[in-house]
Every structure is written in structure tokens, then in C-alpha cells.
Amino acid sequence: MTPVPTSLPSQRTQISTGATARFAAAAVLVVSAILSVDQLPQTSACWFKSATELPCPGCGLTRGFCSISHGELQAAWRYNPFSFVFYAAAVAVLIPRPRRGRSFIMREPYTRIAIAGLMMTLWIFGAWRILQSL
């Protein structure tokens, strides 16, 4: 009998991670649909912006999500263009795959590559945003 590699996550861990991702995505989408941008606190929750007075790559995502949920697409773009990407990803996590019930966004190896590319692009955008602020 061949030993099972210990580096692979168990099926139970995969299900738990998928359920957590679906719960988080659903919660974010529901809250963004309930709250409008006007109802959000006017203070920044971003520690980077609080410390440096410069926008981080993720600044504006919350307001962008709320704007998208309320159909204010131009406002969402102004807050943070990546709002659309993350909003689409949150919706995609909720779409179950026909096999095994996992969402199609959780596929390997494409998910890791896509997330790495997205994060790299987000950080490049953040650097550009900081340069624009100076």
C-alpha cells in the first residue's frame, strides 16, 4: 500500500475551507447590498492610510462593493477598479460546480495562479496610486 502524502489537504479540510469561503463571500455580498456608501463610517479602517496618509491597494474596495451592489458602477470604478474583480470572485465562489459541490473558483492549479496574478496586479495598482498621491 502506497503511503498518502501528508502535504495534501484532507477532504474534510477542503470542505471546511470551501464552506468558509462561501460563507465569507455571501456575508460580504449581503452586507454590501444592505449598506449604501452613505451608511459606511466616514473614517478610514485602513491602518496603512491612517499611518501614512497614502492609499493602500485595497483602499476603496468596501465602498466599491457597496456601489456595485446598488448599481452605481461609475462610483465603484472611482473608489477602486479592482472592486469589480473581487465582486465577481465573491459571486463565483458561490456558484457550485456540478461535481463534488465545490465552487468552480476553487479549482487547482488555476486558482493559485489567478490569485497570485491578481495580487501582483493589485500591488502594482497600489504603487501607481501612491505615486499619483505624492
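Here are some short exercises, each with a worked solution, on the predicted model shown above.

**Exercise 1. Getting your bearings**

Find how many helices and strands the chain has, and what share of its residues is buried.

*Solution.* Start with the secondary structure: the chain has six helices and zero strands. Written in sequence order, that gives the pattern α-α-α-α-α-α. Next, turn to burial: of the 134 residues in the chain, 26% are buried. Finally, look at contacts with a separation of 6 or more: 54% of them join residues 24 or more positions apart.

**Exercise 2. Helix 5 beside helix 6**

Work out how helix 5 is oriented relative to helix 6, and which residues make the contact.

*Solution.* First locate the two elements: helix 5 covers residues 82-94 and helix 6 covers residues 110-133. Their axes come within 11 Å and cross at roughly 155°. Angles over 145 degrees count as roughly antiparallel, so helix 5 is roughly antiparallel to helix 6. The crossing of this pair is left-handed. Now for the residues: helix 5 contributes Phe82, Val85 and Phe86, while helix 6 contributes Leu118, Met119, Thr121, Leu122 and Phe125. Sorted by class, the contact holds seven nonpolar residues, one polar residue and no charged ones.

**Exercise 3. Helix 3 against helix 5**

Describe the angle, the handedness and the residues of the packing between helix 3 and helix 5.

*Solution.* Helix 3 spans residues 61-69, and its axis lies 9 Å from that of helix 5, at an angle of about 70°. Angles from 65 to 115 degrees count as roughly perpendicular, and therefore helix 3 is roughly perpendicular to helix 5. The two helices make a right-handed crossing. On the helix 3 side you will find Leu61, Gly64, Phe65, Ile68 and Ser69; facing them in helix 5 are Phe82, Ser83, Phe84, Phe86, Tyr87 and Ala90. By class, eight of the contact residues are nonpolar, three are polar and none is charged.

**Exercise 4. Aromatic company**

How many aromatic pairs does the whole structure have, and how are the rings of Trp47 and Phe48 arranged?

*Solution.* A search of the whole structure turns up five aromatic pairs. For Trp47 and Phe48, the ring centres are 6.1 Å apart and the planes meet at 85°. Since planes over 60 degrees apart count as edge-to-face, this pair is edge-to-face. Then check the surroundings of each partner: Trp47 is exposed, at 69% relative accessible area, whereas Phe48 is partly exposed, at 24%. Elsewhere, Phe82, Phe125 and Trp128 form one aromatic cluster. You have met Phe82 and Phe125 already, in the contact of helix 5 with helix 6.

**Exercise 5. Two residues to inspect**

Where does Glu53 lie, and which residues does Ser69 touch beyond its neighbours within four places in sequence?

*Solution.* Take Glu53 first. Glu53 sits in the loop between helix 2 (47-52) and helix 3. Glu53 has a positive phi, about 65°, although it is not a glycine. With a relative accessibility of 67%, Glu53 is exposed.

Now move on to Ser69, which belongs to helix 3. Its relative accessible area is 24%; because buried means under 20% and exposed means over 50%, Ser69 is partly exposed. Setting aside neighbours within four places in sequence, Ser69 contacts Leu29, Ser32, Ala33 and Tyr87. Tyr87 is one of the helix 5 residues from Exercise 3. As a last step, compare C-alpha positions: Ser69 and Val30 are 39 residues apart along the chain, and their C-alpha atoms are separated by 8.8 Å.

Methods. Residues are numbered from 1 along each chain as its sequence is written. This is a predicted model: local features need pLDDT of at least 70, side-chain atom pairs count only at pLDDT 80 or more; totals for chains, interfaces and linings use all residues. Side-chain values use heavy atoms; hydrogens and water are left out. Axes are lines fitted to C-alpha atoms, for helices over the stretch in contact, and angles run from 0 to 180 degrees between N-to-C directions. Angles under 35 degrees count as roughly parallel, over 145 as roughly antiparallel, 65 to 115 as roughly perpendicular and the rest as oblique. A crossing is left-handed if the near helix is turned anticlockwise from the far one by less than a right angle, and right-handed if clockwise. Contact means heavy atoms within 4.5 Å. Ala, Val, Leu, Ile, Met, Phe, Trp, Tyr, Cys and Pro count as nonpolar, Asp, Glu, Lys and Arg as charged, and the others, Gly among them, as polar. Rings of Phe, Tyr and Trp (its six-membered ring) pair if their centres lie within 6.5 Å; planes under 30 degrees apart count as stacked, over 60 as edge-to-face and the rest as tilted. Buried means under 20% relative accessible area, exposed over 50%, partly exposed in between (1.4 Å probe, protein chains only).
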